[in-house]
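Here is a protein chain to read alongside its model. Please look over the sequence and the fold before going on.

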Amino acid sequence: MKNFRYVALTAALLLAPAFVLAEEKPRPLIAPGQILKDIRENASSTRANIKDAREEVRLKIETKREEVRTKIEAVKERARQKFSQAVQTSISNIVDRLTGNAENLSNIATRIDSRISELQAKGINMDASVALLATARADITAAQDKITAVGTALSAALVSATPKNEMTKIRAAVKAAEDAIRAAKDSLKATLNSVKAANSNQ
């Protein structure tokens, strides 16, 4: 009797998993082609999101560039109303040089972005270059902010009863803008080198 119970218990334990497996519905098989299609669609969506983010940054820089130019032009107009021709020329040269440098860097970033897109269309991985370009554009934005600070310092000097006393602040603002432009230029150079390296490795 004990042997019969032992045999019955053993059989029940062995058959239980089989009953469970029999009750489970078979999982549908996913064709390899569908898997590849899903991967491509996900990759395409990711690339589109990255492209949209890059375009958003580019437009932000363009907007800020117009804001900087508007403010600088206002400063130059006030200088024409208050200072001699020599001082006006000096102020114009400073702000034109700074804004010109920033605009040139922005244009270079746009051309590099276009080149990155061309290489991506050929299937070349440009993730490193995209990241470097994002850093460069952030540096360009920082440079634009520093140029705006120059305009602010100049504006303060123009309304001051003793504008000569403001010259130290103006010089400091100009140096900070020049340093920021130099940093942005270095970032763009690193980005360009990355693009060249990615292209040559193919």
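The paragraphs below go from the overall fold to confidence, then to the core and the salt bridges.

The model is predicted. Its secondary structure consists of five helices and zero strands, so that the order of elements from the N terminus reads α-α-α-α-α. The chain has 202 residues, of which 29% are buried. Its accessible surface amounts to about 13,400 Å², and carbon and sulfur atoms account for 59% of that area. Of the contacts between residues at least 6 apart in sequence, 82% link residues at least 24 apart.

Confidence comes next. The average pLDDT of the chain is 76, and 60% of the residues reach at least 70. Among the elements, helix 5 (residues 167–200) has the highest mean pLDDT, 93, while helix 1 (residues 2–23) has the lowest, 49. Residues 18–23 have pLDDT below 50, and this stretch makes zero contacts in the model beyond near neighbours in sequence. Where pLDDT is low, the predicted coordinates should not be read in detail.

The interior can be approached through its nonpolar residues. In soluble globular proteins, nonpolar side chains tend to be buried together. In this model the largest nonpolar core contains 33 residues. Helix 2 (32–82), helix 3 (85–121), helix 4 (127–159) and helix 5 each give two or more residues to this core. The residues with the most contacts inside the core are Ile-116, Met-126, Ile-140, Ile-147, Val-150 and Leu-188.

Leu-188 is a useful residue to follow. Leu-188 lies in helix 5, and it counts as buried because its relative accessibility is 4%, under the 20% cut-off. Outside its neighbours within four places in sequence, Leu-188 contacts Leu-105, Ile-108, Ala-109, Ile-112, Leu-133, Ala-136 and Ile-140. One of these partners, Leu-133, is 55 residues away along the chain, yet the two C-alpha atoms are 6.9 Å apart.

What of the charged side chains? The whole structure holds five salt bridges. One of them pairs Arg-97 with Glu-178, with 3.0 Å between the closest N and O atoms. Because Arg-97 lies in helix 3 and Glu-178 in helix 5, this pair ties together parts that are 81 residues apart in sequence. Arg-97 counts as partly exposed at 37% relative accessibility, and Glu-178 counts as partly exposed at 26%.

Another salt bridge has both partners in one helix. The side chains of Arg-115 and Glu-118 meet at 3.0 Å, N to O. The two residues are three apart in helix 3, so about one helical turn separates them. Arg-115 is partly exposed, with a relative accessibility of 29%, and Glu-118 is partly exposed at 43%.

Helix 5 also has a pairing of this kind. Lys-175 forms a salt bridge with Asp-179, and their closest N and O atoms are 2.9 Å apart. Both residues lie in helix 5, four residues apart, which is about one turn of the helix. Lys-175 is partly exposed at 49% relative accessibility, and Asp-179 is partly exposed at 32%. Salt bridges that share partners join Lys-175, Asp-179 and Arg-182 into one network.

Helix 5 therefore recurs in this account: Leu-188 lies in it, and Glu-178 in helix 5 ties to Arg-97 in helix 3.

Note on methods: Residues are numbered from 1 along each chain as its sequence is written. This is a predicted model: local features need pLDDT of at least 70, side-chain atom pairs count only at pLDDT 80 or more; totals for chains, interfaces and linings use all residues. Side-chain values use heavy atoms; hydrogens and water are left out. pLDDT is the predictor's confidence in each residue, from 0 to 100. Contact means heavy atoms within 4.5 Å. Buried means under 20% relative accessible area, exposed over 50%, partly exposed in between (1.4 Å probe, protein chains only). A nonpolar core is a set of buried Ala, Val, Leu, Ile, Met, Phe, Trp, Tyr and Cys residues joined through side-chain atoms within 4.5 Å. A salt bridge is a side-chain nitrogen of Lys or Arg within 4 Å of a carboxyl oxygen of Asp or Glu. Accessible areas come from the Shrake-Rupley method with a 1.4 Å probe; for residues, only the protein chains shown count as cover.
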